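Visitor: I would like to go through this model with you. Could you put it on the screen?

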Amino acid sequence: MTETYFNYIDGEWVQASSGEVYSSINPANADSILGYFQKSDQRDIEVAVEAAEKAFKTWSKVAVPERGEVLFKLFNLLEEQKEELATIITKEVGKTYKNSLGEVQKTIEAMKQFSGEATRLTGETIPSNDPDIFGYTVREPLGVVSVIAPYNFPLGIGIWKIAPAIVAGNTVVFKPSSNTSLISIKIMELFEKAGVPKGVINMVTGPGGVIGQAIGNQPKIKAVSFTGSTEVGLALGRAVTNRGGKIQAEMGGKNASIILEDADLDETIKNIVISGFYDNGQRCTGTSRLIVPRAISKEVITRLVEAAKSLTVGDGFDENVDNGPIIDENQLNLYLEHIHDAIQDEAVLECGGKRLVDNGKDKGYFLAPTVFSHVTPEMRIFREEIFAPVIAVIEVDSYEEALEVANDSEFGLSSTIYTKDLAKAMHFVKHIETGVTHVNIPSNYFENQYPFGGKKASSLGPREQGSTALEFWTEYKTVYIKV
């Protein structure tokens, strides 16, 4: 019998006000229901906010290093339950078990880094013009805040947003993606075992539009951290800022990788496969535009097509599989729509471009890794994020044109260049319009100790992670003392 799960509010598992539920399915087999979850609405957000508001009065007074102890306990729990967590992620997201283990490991590394930030929640002392005045600053929590997490890294992003929020002394209302509600239940269980008091973290599941609107319009929620589409992030940002709240949004990307003539093509193609195809193309920092000089474009396309065709797509638990399914039918239909439009726009389909239905794949949402050539900036496939294993190849005549094409986007999240020319590499780093960039490294490479975020329509507000992680979750108080 399929289990029914509940919201987590004030340390208790409770039913939604609506009395309705929805299902979460395995994208490798849509007939496999992983659980039923609460279909919440604004009423449940109000209850969660009330619990968080009550808990803030005591949690904000706990010494910061003591709050940080929770994260020390948390990364040990993550280590102990690594295999179980990876299994749930693969069932719910579809990524390979190997990549799911990688997500758990990245989350452990993030908690190790964030736990140290508890002793670095610092202000500063500043000399006063008056010798009898001692002036300094302290950083204080905001109050009740909210975290809205996506489906592609449901454990990692959910936890590495919540962790700095609570270390800073805030209390949280958490809204996970409906596609990944089961792993989010585990997140609540982990924080509870790590010693988080009741009411400090509260989780409400349900439809994104309904819950997102309730969070955006709730004046008691002082800040919202969101990861998802640009359209939703911008709308949420307007709602939050219009009522005086703070917004941090990591949104879409149409990330470019440039290959120059002197690049090591063997290593470069491996990196493009990692950043453009792996994880089913469902990484916001993944490569979706590949910009190459005409002189080497034929060789690059040939090698990339060979690599794409060599990938094995199937159930993520199969040891020989490189990619599992994408997340759901909506994403499948978006992929097919983009493929159709690209062909209509006269881009050349080099490989892929179809749903895979052989060997039982018809019950899931499996896609062939796809390569298009002869893509131009006027095409939809050049402009819009697809969030699937699709790479569009654009041919150029020079490095200067390649840089111009890379910057010709409303997005500005991540990028990379492959070259041995140090001067061009450094010029690229200086002039590329992205918040994260790389040289001879896949565009989706990251480490938790560095700040993360984009430019243009890819991000709103302060950066996540690294030394900047606590900035969004605190505000400064300036103190002048004269005795």
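Visitor: How many salt bridges cross the interface of domain 1 and domain 2?

Guide: The rule finds 1 salt bridge across that interface, where a salt bridge is a side-chain nitrogen of Lys or Arg within 4 Å of a carboxyl oxygen of Asp or Glu. This is a predicted model, in which local features need pLDDT of at least 70 and side-chain atom pairs count only at pLDDT 80 or more, while totals for chains, interfaces and linings use all residues. Side-chain values use heavy atoms, without hydrogens and water, and residues are numbered from 1 along each chain as its sequence is written.

Visitor: Where do the domains lie in the sequence?

Guide: Domain 1 comprises 7–251 + 458–482, and domain 2 comprises 256–439; the bounds come from an automatic or database domain assignment. Their centres, taken over C-alpha atoms, are separated by 31 Å. Domain 1 brings 25 residues to the contact and domain 2 brings 26 residues, with contact meaning heavy atoms within 4.5 Å.

Visitor: And what area is buried between them?

Guide: About 2100 Å² is buried between domain 1 and domain 2, and carbon and sulfur atoms give 56% of that area. Buried area is the accessible area (1.4 Å probe) that two parts lose on being put together, summed over both.

Visitor: Which elements of domain 1 touch domain 2?

Guide: Those giving two or more residues are strand E4 (29–38), helix H3 (82–93) and helix H4 (97–117). H3 gives the most, with 5 residues. Helices (H or I, at least four residues) and strands (E, at least two) are DSSP runs, numbered from the N terminus.

Visitor: Changing topic, how many salt bridges does the structure hold?

Guide: The structure holds 21 salt bridges. Among them, Lys39 and Glu20 meet through their side chains at 3.8 Å, N to O. Lys39 is in the loop between E4 and helix H1 (42–59), and Glu20 is in the loop between strand E2 (12–14) and strand E3 (21–26), 19 residues apart.
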